[in-house]
Amino acid sequence: NKMFKKHFLPNCFRLFVFFSFSLKLVWLDDHPKLVPDGDVWIIRVLGNDLPPLHAQGQTFMNLKFILENEDKLIGSKKAFLLNRIANTTEHNRIVNLLKFHNISDVNEL
């Protein structure tokens with residue numbers, strides 16, 4: 001049983017979460033925690049800035065904030081999908097930022 005959930009986030013971010021319902025009990029820091037038993041993927045779709053809704057570089061700034069502030073989720077994997085980013089400069093900034101944060105699961109449409 002797999003479940004698919006789609007969340008709409010501001011500024012051209014779409015978040016897709018794939019997960020299964022099976023959990024396992026593990027001990028972390030002397031406390032029991034339930035973690036997914038199997039792969040959980042968090043896939044973010046990054047798109048173009050859409051003026052006047054977004055400032056120039058809004059996708060880059062939001063991605064930078066996420067990469068610097070989001071905690072690592074136990075038992076999860078992250079991937080990013082670049083959705084036809086037209087501005088070459090912004091595209092390169094985003095790719096370089098993902099490389100800087102050692103994100104290897106990056107695909108492009």
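**Figure 1. Burial and overall layout of the chain.** Buried residues account for 34% of the 109 residues in this chain, shown here as a predicted model. The accessible surface comes to about 7,500 Å², and carbon and sulfur atoms contribute 56% of it. If you like to start with topology, the chain has two helices and seven strands, and their order from the N terminus is β-β-β-β-β-α-β-α-β. For the contact map, take contacts between residues at least 6 apart in sequence: 59% of them join residues at least 24 apart.

**Figure 2. Strands β5 and β6 side by side, with helix α1 between them in sequence.** Strand β5 covers residues 40-46 and strand β6 covers residues 76-82; the two run parallel and are joined by seven bridges. A handy place to pick up the register is Val40, which stands opposite Ser76 in β6. The chain gets from one strand to the other by way of helix α1 (residues 58-69), and β5, α1 and β6 together make a right-handed β-α-β unit.

**Figure 3. Strand β6 and its pairing with β7.** Strand β7 spans residues 106-108 and runs parallel to β6, with three bridges joining the two. Here the register can be read from Phe80, which stands opposite Val106 in β7. The connection from β6 to β7 passes through helix α2 (residues 88-100), and this β-α-β crossover is right-handed. Strand β6 therefore turns up in both close-ups, paired with β5 and with β7, in case you want to overlay the two views.

**Figure 4. Glu70 and its two basic partners.** The chain holds four salt bridges, and this view takes in two pairs that meet at Glu70. How far apart are the closest N and O atoms of Glu70 and Arg44? They are 2.7 Å apart. Glu70 sits in the loop between α1 and β6 while Arg44 belongs to strand β5, so this salt bridge ties together parts that are 26 residues apart in sequence. Turn next to Lys78, whose salt bridge with Glu70 has its closest N and O atoms 2.6 Å apart. Is Arg44 buried or exposed? Arg44 is buried, at 6% relative accessibility. Glu70 is partly exposed, with a relative accessible area of 30%, and Lys78 is partly exposed too, at 23%.

**Figure 5. A salt bridge within helix α2, and the network elsewhere.** The side chains of Glu90 and Arg93 meet in a salt bridge, 2.9 Å from N to O. Both residues lie in helix α2, three residues apart, which is about one turn of the helix. Glu90 counts as buried, with a relative accessible area of 9%, whereas Arg93 is partly exposed at 34%. Away from this helical pair, Arg44, Glu70 and Lys78 are joined into one network by salt bridges that share partners.

**Figure 6. A nonpolar patch on the surface.** Which residues make the nonpolar surface patch of about 400 Å²? Leu25, Trp27 and Leu34 do. Leu25 is placed in strand β3, residues 23-28. With 54% relative accessibility, Leu25 counts as exposed, because the cut-off for that class is over 50%.

**Figure 7. Asn87 and its contacts from elsewhere in the chain.** Asn87 is located in the loop between β6 and α2 and is partly exposed, with a relative accessible area of 33%. Setting aside neighbours within four places in sequence, Asn87 is in contact with Asn48 and Gln56. Asn48 and Asn87 are 39 residues apart along the chain, and their C-alpha atoms are separated by 7.9 Å.

**Figure 8. Backbone angles to look at in the loops.** Most residues other than glycine have a negative phi, and most peptide bonds are trans. Pro51 and Pro52 are joined by a cis peptide bond, with omega about 5°, and Pro52 is found in the loop between β5 and α1. Arg84, in the loop between β6 and α2, has a positive phi near 50°. Asn102, which is not a glycine, has a positive phi of about 55° and belongs to the loop between α2 and β7. Are Arg84 and Asn102 buried or exposed? Arg84 is exposed, with a relative accessible area of 61%, and Asn102 is exposed at 69%.

Note on methods
Residues are numbered from 1 along each chain as its sequence is written. This is a predicted model: local features need pLDDT of at least 70, side-chain atom pairs count only at pLDDT 80 or more; totals for chains, interfaces and linings use all residues. Side-chain values use heavy atoms; hydrogens and water are left out. Helices (H or I, at least four residues) and strands (E, at least two) are DSSP runs, numbered from the N terminus. Buried means under 20% relative accessible area, exposed over 50%, partly exposed in between (1.4 Å probe, protein chains only). Contact means heavy atoms within 4.5 Å. Accessible areas come from the Shrake-Rupley method with a 1.4 Å probe; for residues, only the protein chains shown count as cover. Two strands pair if DSSP finds at least two bridges between them. A crossover is right-handed if, with the strands pointing away from the viewer, the path from the first strand over the helix to the second runs clockwise. Patches are made of residues with over 30% relative accessible area and no salt bridge: like charges are joined within 9 Å, nonpolar side chains (Val, Leu, Ile, Met, Phe, Trp, Tyr) within 5 Å.
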